[in-house]
Amino acid sequence: MIFNHVCRCLLCGQTQRSPVCPLCLAMLARLDGPLCRCGLPHPAGDPGNPLPAPLCGRCLKRPPSFTVSQAPLHYRFPLDHLIRRYKYRGDLVAERGIEKLLADTPCPWPEMDALCPLPAHWYRRWWRGFDQSQRLTDRLATLWKIPCLPALRRRQSTPMQQGLSRSQRQRNLRGAFACTRPVSGLRLILVDDVMTTGSSARAASDCLLRQGAAEVRVWTLARTPER
Ligand SMILES: [Zn+2]
Ligand SMILES: [Zn+2]
């Protein structure tokens, strides 16, 4: 294997044996403690994570259709560098770094039936030549021993989300996903690399539940802290 040889840490550049050195791994900000259903810290939540998760002020106004969302890490330095490098440059060394993080992450819900990748926008997939959430889900399926069920397709007409406000994003995403596999009665974990506003996860979850899925939970590698 290539990483038995000496290489440089993707984050600090230090010479060592794995794509992310132990010091940088320890520096990554972990998201522990009670969470709202949207995946952000919730002071009144129960650290035992009861389901459905409690709701913050924003979620109370419009509760997500998924029962819980969880991300082990904060999307901030140095993790954001690693994910961007992977996502926008299709960097396979960065992918090794991400796989190393995944290897340390146990499945929070082993009782679920299948993992469903949240598909990337078609334009991004075409531009980058791969779909990072599909790759992430395949990796997790092996690690967590839960089958991967790619049940969602993104409709080609949805415009890009970047730079839009929360309400614009939500409007934009209505009908953005189509379900392409039978999901009736299944308990699914939606998987993506980063959750930012949660609008895509909400729309994808709505679509799966409309098609008869019994429950949807959301897992992302990282969560953007609230701005
Ligand atoms: Zn390092
Ligand atoms: Zn919330």
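**Close-up views of a predicted model**

**View 1. The site of the zinc ion (ligand 2) and its cysteine donors.** Cys38 has a relative accessible area of 11% and is therefore buried (buried is under 20% relative accessible area, exposed over 50% and partly exposed in between, with a 1.4 Å probe and protein chains only). This is a predicted model, in which local features need pLDDT of at least 70 and side-chain atom pairs count only at pLDDT 80 or more, while totals for chains, interfaces and linings use all residues. Residues are numbered from 1 along each chain as its sequence is written, chains are lettered from A and ligands numbered from 1 in the order in which they are written, and side-chain values use heavy atoms, with hydrogens and water left out. The zinc ion (ligand 2) has as protein donors the SG atoms of Cys36, Cys38, Cys56 and Cys59, which lie 2.2 to 2.3 Å from the ion (donors are N, O and S atoms within 2.8 Å of the metal, or 3.2 Å for Na, K and Ca). The angles among these 4 donor atoms are 103 to 120°, and the site is tetrahedral (four donors with all angles between 85 and 135 degrees). Along the chain, the donors follow the spacing C-x1-C-x17-C-x2-C. Distant parts of the chain are linked by Cys38, in the loop between α1 (22–27) and α2 (57–61), and Cys59, in helix α2, 21 residues apart (helices, H or I, of at least four residues and strands, E, of at least two are DSSP runs, numbered from the N terminus). Cys59 is likewise buried, with a relative accessible area of 2%.

**View 2. The site of the zinc ion (ligand 1).** Here the protein donors are the SG atoms of Cys9, Cys12, Cys21 and Cys24, at 2.2 to 2.4 Å from the ion, and their spacing in sequence is C-x2-C-x8-C-x2-C. The arrangement is tetrahedral because the 4 donor atoms subtend angles of 104 to 115° around the zinc ion (ligand 1). Cys9, at 4% relative accessibility, counts as buried, whereas Cys12 is partly exposed, with a relative accessible area of 41%.

**View 3. An aromatic pair and a buried threonine.** The model contains 1 aromatic pair (rings of Phe, Tyr and Trp, the last by its six-membered ring, with centres within 6.5 Å). Trp144 and Trp219 form this pair in an edge-to-face arrangement, 5.2 Å centre to centre and with 85° between the planes (edge-to-face is over 60 degrees). Trp144 in helix α6 and Trp219 in strand β9 (residues 215–223) are 75 residues apart, and their pair links distant parts of the chain; both Trp144 and Trp219 are buried. Helix α6 also holds Thr137, which is buried at a relative accessible area of 0%. The C-alpha atoms of Thr137 and Thr220 are separated by 10.0 Å, although these residues are 83 residues apart along the chain.

**View 4. The largest cavity.** The whole structure has 2 cavities of 30 Å³ or more (a cavity is a set of points, on a 1 Å grid over the protein atoms alone, where a 1.4 Å probe fits but cannot get out), and the largest encloses about 40 Å³. Its lining consists of Tyr86, Glu95, Ile98, Glu99, Arg135, Leu136 and Arg139 (lining residues have an atom within 4 Å of a point). Helices α4 (92–103) and α6 (132–144) each contribute at least two of these residues. By class, 3 lining residues are nonpolar, none is polar and 4 are charged.

**View 5. Two backbone features in loops.** The peptide bond from Phe77 to Pro78 is cis, with omega near 0°, and Pro78 lies in the loop between β4 (73–74) and α3 (79–89). Lys145, in the loop between α6 and β6 (152–154), has a positive phi near 55° although it is not a glycine; at 72% relative accessibility, Lys145 counts as exposed.

Notes
On a 1 Å grid over the protein atoms alone, a cavity is a set of points where a 1.4 Å probe fits but cannot get out, and a pocket is an open set with protein on both sides within 12 Å along at least five of seven lines; lining residues have an atom within 4 Å of a point. Grid points are joined across faces, edges and corners, and a volume is the space filled by probe spheres set on the points. Ala, Val, Leu, Ile, Met, Phe, Trp, Tyr, Cys and Pro count as nonpolar, Asp, Glu, Lys and Arg as charged, and the others, Gly among them, as polar. Four donors count as tetrahedral if all angles lie between 85 and 135 degrees; four count as square planar and six as octahedral if opposite donors are over 155 degrees apart and all others between 65 and 115; anything else is irregular. Rings of Phe, Tyr and Trp (its six-membered ring) pair if their centres lie within 6.5 Å; planes under 30 degrees apart count as stacked, over 60 as edge-to-face and the rest as tilted.
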